[in-house]
Amino acid sequence: MSVIVTVHVSGDPATFEQQVAAHADAIGRIMDVAKRHGLVAHRWYSADGQYMAIDEWPDADSFNAFFDEAQPDIGPVMQAAGVTSPPDVTFWRTLDTGDAVGWGA
């Protein structure tokens, strides 16, 4: 069963959006590496002074392999975006509660 991975950082979401656009080539390389390692789904979300990626991966090892390989591109983008905290990465497993809606439930 796949895992949901959240990557939470502190910083200005507007600056992050600007820097992602300014580093489109690096983002393309990051996404190519992610897809090669099995990325199922990916989105960024923001709240006041923070933003978070929510991904679906086949397993934690796939995410870790991606994250290690993509560091040469991820680090500079995050630095340019003014990230003010190290990434907080959490792996979540699906609970079998019988009330799932969406995401291929």
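In this predicted model, helix H3 gives the largest share of the lining of the second largest pocket, eight residues. H3 covers residues 60-80. The second largest pocket holds about 400 Å³ of space. Its lining counts 26 residues. Nearest its centre lie Ile30, Trp44, Phe67, Ile74 and Met78.

H3 does not line this pocket alone. Strand E1 (3-10), helix H1 (13-22), helix H2 (24-36), E2 and E3 each supply at least two residues as well. What classes of residue make up this lining? It divides into 21 nonpolar, four polar and one charged.

Now turn to the largest pocket. Its volume is about 720 Å³. The lining is built from 24 residues. Ile4, Glu56, Thr94, Gly102 and Trp103 are those nearest the centre. Three elements give two or more residues each: strand E2 (41-47), strand E3 (50-57) and strand E4 (88-93). Which of them gives the most? E2 does, with four residues. By class, the lining of the largest pocket has 11 nonpolar, seven polar and six charged residues.

Next comes the sheet. Strands of a sheet pair through backbone hydrogen bonds, either parallel or antiparallel. Here four strands form an open sheet in the order E2-E3-E1-E4. The pairing is antiparallel. E2 and E4 stand at the edges, and each has a single partner strand. One side of each is therefore left without a neighbour in the sheet. On average, neighbouring strands are turned by 20° against each other, direction ignored.

Walk across the sheet, strand by strand. E2 and E3 come first in that order. They pair over seven bridges, in the antiparallel sense. One of the pairs puts Tyr45 opposite Met52 in E3. E2 and E3 also form a hairpin, with two residues between the strands. In this hairpin, Gly49 takes a positive phi near 70°.

E3 then meets E1. Eight bridges join these two strands, which run antiparallel. Val5 has Asp55 in E3 as its bridge partner. Val7 is matched with Ala53 in E3. On to the E1 and E4 pair: six bridges, again in the antiparallel sense. Val3 stands opposite Arg93 in E4.

One residue repays a longer look: Met52, in strand E3. Its bridge partner, as seen above, is Tyr45. Which residues does Met52 touch, leaving aside its neighbours within four places in sequence? The contacts are Thr6, Val7, His8, Arg43, Trp44 and Tyr45. Among them, Val7 sits 45 residues away along the chain. Yet the C-alpha atoms of Met52 and Val7 are separated by 5.3 Å. Trp44, another contact of Met52, is one of the residues nearest the centre of the second largest pocket.

How accessible is Met52? Its relative accessibility is 25%. Buried means under 20%, and exposed means over 50%. Met52 therefore counts as partly exposed.

A last point concerns strands in general. In a regular strand the side chains alternate between the two faces of the sheet. With that in mind, return to E2 and E3. Both supply at least two residues to the lining of the second largest pocket. Both also give two or more residues to the lining of the largest pocket.

Definitions and conventions
Residues numbered from 1 in each chain as written. Predicted model: local features only at pLDDT ≥ 70, side-chain atom pairs only at ≥ 80, totals over all residues. Heavy atoms only, no water. 1 Å grid on protein atoms, 1.4 Å probe; cavity = no way out; pocket = protein on both sides within 12 Å on 5 of 7 lines; lining within 4 Å. Points joined across faces, edges and corners; volume = space filled by probe spheres on them. Nonpolar A, V, L, I, M, F, W, Y, C, P; charged D, E, K, R; others polar. Buried < 20%, exposed > 50% of the residue type's maximum accessible area, 1.4 Å probe, protein only. Contact = heavy atoms within 4.5 Å. Pairing = 2+ DSSP bridges. Axes fitted to C-alpha atoms, helices over the stretch in contact; angles between N-to-C directions.
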